[in-house]
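Good morning, colleagues. I should like to present a few side-chain contacts and then a surface feature.

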Amino acid sequence: MMAGTAVLSKILDIREREKKDAQIDYYKAVDVFEDIATKLFNLLQKKEAAEAAYEEALLSSMHLDFIQDQLTYIDTLTKRIDELQKQVQQARSIMEFKQQKLSEAHVETKKFEKIIEVRNNEETIMRNKMEESFMNELSIQQYLSHKK
């Protein structure tokens, strides 16, 4: 029975290592997501400021070249924002996938911890029964030897 627990303990060690790797992968995916999302946020702020400058230029008597430059800049920002939005969505998907893998690894680890706990409890119960049986046998032997 102990050999089974030893094998399960080795499997548990492997599962715990897999869980740690899954955790590292998940945290890296979160970092990538946050990095891209921060870049997107900053670009959105720049676009908002550029649009405000453009609106102000239209209302005042700004030079036509400035207005055209602002439009080109806003267009460039919009294209970069679209690309970053795709990257954010992709990073979010990867992060969610890594989170799922981490959850699965956690469940697998818990499963083996529970199996080992149950087996250890069974072994303890069996050992206690054997000790009890041995003590009963010893008591009977002592009783019979004193009776003679």
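**Side-chain contacts and a surface patch**

Lys39 and Asp35 sit four residues apart in helix H1 (residues 2-59), so about one helical turn separates them. Please bear in mind that this is a predicted model. The side chains of Lys39 and Asp35 form a salt bridge, with an N to O distance of 3.6 Å. Lys39 is partly exposed at 46% relative accessible area, and Asp35 is partly exposed at 41%.

How many salt bridges does the count give? The count comes to nine. Helix H2 spans residues 64-147, and Lys79 and Asp75 both lie in helix H2, four residues apart, about one turn. The closest N and O atoms of their salt bridge are 3.4 Å apart. Here Lys79 is exposed, with a relative accessible area of 54%, whereas Asp75 is partly exposed at 39%.

Also in helix H2, Lys114 and Glu117 are three residues apart, again about one helical turn; their side chains meet in a salt bridge at 3.8 Å, N to O. In addition, a network of salt bridges links Arg15, Glu18, Glu108 and Lys111.

I turn now to the aromatic side chains. A search of the whole structure yields one aromatic pair. The ring centres of Tyr26 and Tyr27 are 5.7 Å apart and the planes stand at 50°, so the pair is tilted. Tyr26 counts as buried at 17% relative accessibility, while Tyr27 is partly exposed at 48%.

Finally, the surface: Phe134, Met135 and Leu138 make a nonpolar patch of about 310 Å². Of these residues, Met135 lies in helix H2 and is partly exposed, with a relative accessible area of 48%.

Definitions and conventions
Residues numbered from 1 in each chain as written. Predicted model: local features only at pLDDT ≥ 70, side-chain atom pairs only at ≥ 80, totals over all residues. Heavy atoms only, no water. Patch = residues over 30% accessible without salt bridge, like charges linked within 9 Å, V, L, I, M, F, W, Y side chains within 5 Å. Areas by Shrake-Rupley, 256 points an atom, 1.4 Å probe, with all protein chains shown as cover. Salt bridge = Lys/Arg side-chain N within 4 Å of Asp/Glu carboxyl O. Helix = DSSP H or I, 4+ residues; strand = E, 2+ residues; numbered from the N terminus. Buried < 20%, exposed > 50% of the residue type's maximum accessible area, 1.4 Å probe, protein only. Phe/Tyr/Trp six-rings, centres within 6.5 Å; stacked < 30°, edge-to-face > 60°.
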